[in-house]
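Please read the following note with the sequence and the model open beside it. The points are arranged by topic, and each can be checked in turn.

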Amino acid sequence: MAVADIQNPLQGETTCGTLLQKLQEIWDEVGESDKERDKMLLQIDQECLDVYKRKVEQADKSRAKLLQSLSDAKLELSSLLSALGEKSFSEFPEKASGTIKEQLAAIAPALEQLWKQKEQRVKEFFDVQSEIQKICGEISGSLNLSENPVVDESHLSVEKLDEYHCQLQELQKEKSDRLHKVLEFVSTVHDLCAVLGIDFFATVTEVHPSLNDATGVQSKSISNDTLSKLAKMVLALKEDKKQRLHKLQELATQLIDLWNLMDTPSEERSLFDHVTCNISASVDEVTVPGALALDLIEQAEVEVERLDQLKASKMKEIAFKKQSELEEIFSHAHIEVDPDAARDKIMALIDSGNVEPAELLDDMDDQIAKAKEEVLSRKEILDKVEKWMLACEEESWLEDYNRDDNRYNASRGAHLNLKRAEKARILVNKIPALVDTLIAKTRAWEEDRGISFIYDGVPLLAMLDEYTMLRHEREEEKRRSRDQKKFHEQQSTDQETITNPRPSPVRPVGTKKAAGPRANGAANGTPSSRRLSLNQNGSRSVNKDGRRDSMRPMTPVKYDAISKEDSASHFSGTEPVSSSP
């Protein structure tokens, strides 16, 4: 029963007091001494103290670990904020409160979020640095895709990322500009190759393989070396184009000269229109594909060589053609030459073989050029000679008109003749001044060149002096005729007065009586002792065909010594024109 009572308390809540009470009961039952009891109790106290000490030490170690974890977390938080360029984290207060575990629980989400933010930032830095590295490699021409950029994870601030983005934008702009330049160069090379007839792909890929059309635009090389080579290639192609155009224009000029010399038909000329069409074009104006191809230039060279050979065989015909051109120039300038002697001399030169055909033609071209200069120097005087002769014709017509007794009749066309007579009188009144001016200019021309001004083989001053003398004689003859007529009329009036004293109306003088043979001879031409082409006051003579022949007076007798042979000696087909007018 006692044992059962003792165990009953054990069936309840066991405490130190209940155990000590149970121990006291056991000691009482056993009969332990107080000393043993004190000793046993002391031992129990020591063992309890050791247990408490172990527990306290364990708790202290656990707290130290938690504090270290908290410190590490705070340090990691600070490091992340520094790397990300953040001064603070809004979701984690700078001064945290609560137990250690509460503080650790509070800082863990912030660390997790910052780690995610760091990973995202590192990825952004990696992407922008990779793009920068790629563009820099494209510009330098040393692109190496196997090397990845190294991201400095201690500097992941937004400002640093913005700096990289700005650098990337500048590089992208530079890449765009370079790509634009490359495309411009490639387009220029394409156009030049087309005009020159050169293979574009073979030419442009010599600079870099990526420049052909098969490669995408963004994949084309934009390196400094590529741009430099493209620029040099464009300059070389432009220089080649310039030289080819110059060569082609020279060939085209030669072709046209040869065609003109040999009267080549237009059908044959049209075969080389693609050559002659650029004879006056500038380098930039030639854009037709193949316009400056080598085969086209060679074709033109072959044609020029063929025409040169043909020209040698047609030398006589060409030389005579140039001689005809020279004679035509002399004819317009009223310079007489001996065409037969000139042609005989040309034949002799060609047959002898002592002169090169090209030299002969060049010499004749020089003569033609000098003849044109001579014509230009004589133009002003020749124009005034033309006016003088036209005025002489009008003077002759006016005298015929004045001798017409029916000129005032109301016939058809009378009013037109009356108007012409009025204009002719004005023109005739200007003849003396015109002749004086012509004489002055002719003398000035002769003094300037030291030679006489020959007009159709006759010195012009001699013609003018002859005309002035004849005009003076004609005026004197007219005056004497008028005086004689008045004298006869006065005698008739006096005779009538003596015969019939009554006053009678004097017969009006309505018509002019024809002058005697001498007067008519003086009015209509020159005396038989002189020969001039000025018929009736200096008008131009008319040949049997009804056309005016030379617009010049004929040679007076005293100038017959100037023969055509002497004049031709200065203007033959082989002598310079400038030696004689």
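1. A salt bridge here is a side-chain nitrogen of Lys or Arg within 4 Å of a carboxyl oxygen of Asp or Glu. By this criterion, the structure holds 26 salt bridges. Glu395, Glu399, Arg471, Arg474 and Lys478 are joined by such contacts into a network. In general, side chains of opposite charge can pair when their charged atoms come close.

2. The basis of the note should be stated early. The model is predicted, so that local features need pLDDT of at least 70 and side-chain atom pairs count only at pLDDT 80 or more, while totals for chains, interfaces and linings use all residues. Residues are numbered from 1 along each chain as its sequence is written, and side-chain values use heavy atoms, with hydrogens and water left out.

3. Two terms recur below. Helices (H or I, at least four residues) and strands (E, at least two) are DSSP runs, numbered from the N terminus. A residue is called buried under 20% relative accessible area, exposed over 50%, and partly exposed in between (1.4 Å probe, protein chains only).

4. Helix α4 covers residues 100–140. Its expected span is 1.5 Å times one less than its number of residues. With 41 residues, α4 reaches 57 Å from its first C-alpha to its last, close to the 60 Å expected. Glycine 141 follows α4 and has a positive phi near 80°.

5. Within α4, aspartate 127 and lysine 123 form a salt bridge (3.3 Å, N to O). The two residues are 4 residues apart, about one turn of the helix. Aspartate 127 is partly exposed at 39% relative accessible area, and lysine 123 is partly exposed at 47%. An α-helix has 3.6 residues a turn, so residues three or four places apart point the same way.

6. Helix α5 (residues 158–196) contains both glutamate 163 and lysine 160, which lie 3 residues apart, about one turn of the helix. Their side chains meet in a salt bridge (3.9 Å, N to O). Glutamate 163 has a relative accessible area of 49% and is therefore partly exposed; lysine 160, at 31%, is also partly exposed.

7. Which residue does glutamate 303 meet in a salt bridge? The partner is arginine 306, at 2.6 Å, N to O. Both belong to helix α10 (residues 294–313), where their separation of 3 residues is about one helical turn. Glutamate 303 is buried, with a relative accessible area of 9%, whereas arginine 306 is partly exposed at 35%.

8. Helix α11 (residues 315–332) has 18 residues, which at 1.5 Å a residue should span 26 Å; its end C-alpha atoms are 26 Å apart, so the two values agree. Buried residues in α11 include Met315, Ile318, Ala319, Lys322 and Gln323. Leu326, Glu327, Ile329 and Phe330 are buried in α11 as well.

9. Is histidine 334, in the loop between α11 and α12, buried or exposed? Histidine 334 is buried, with a relative accessible area of 15%. Its phi is near 60°, a positive value in a residue other than glycine. Most residues other than glycine have a negative phi. Aspartate 456 also has a positive phi, about 55°, although it is not a glycine. Aspartate 456 lies in the loop between β1 (454–455) and β2 (458–459), and counts as buried at 10% relative accessibility.

10. Two residue pairs may be located in the model by their C-alpha separations. Lysine 384 lies in helix α13 and is buried, with a relative accessible area of 18%. Its C-alpha atom is 9.7 Å from that of lysine 441, although the two are 57 residues apart along the chain. Leucine 427, in helix α14 (residues 414–429), is partly exposed at 32% relative accessibility. The C-alpha atoms of leucine 427 and cysteine 392 are separated by 9.1 Å, with their positions 35 residues apart along the chain.
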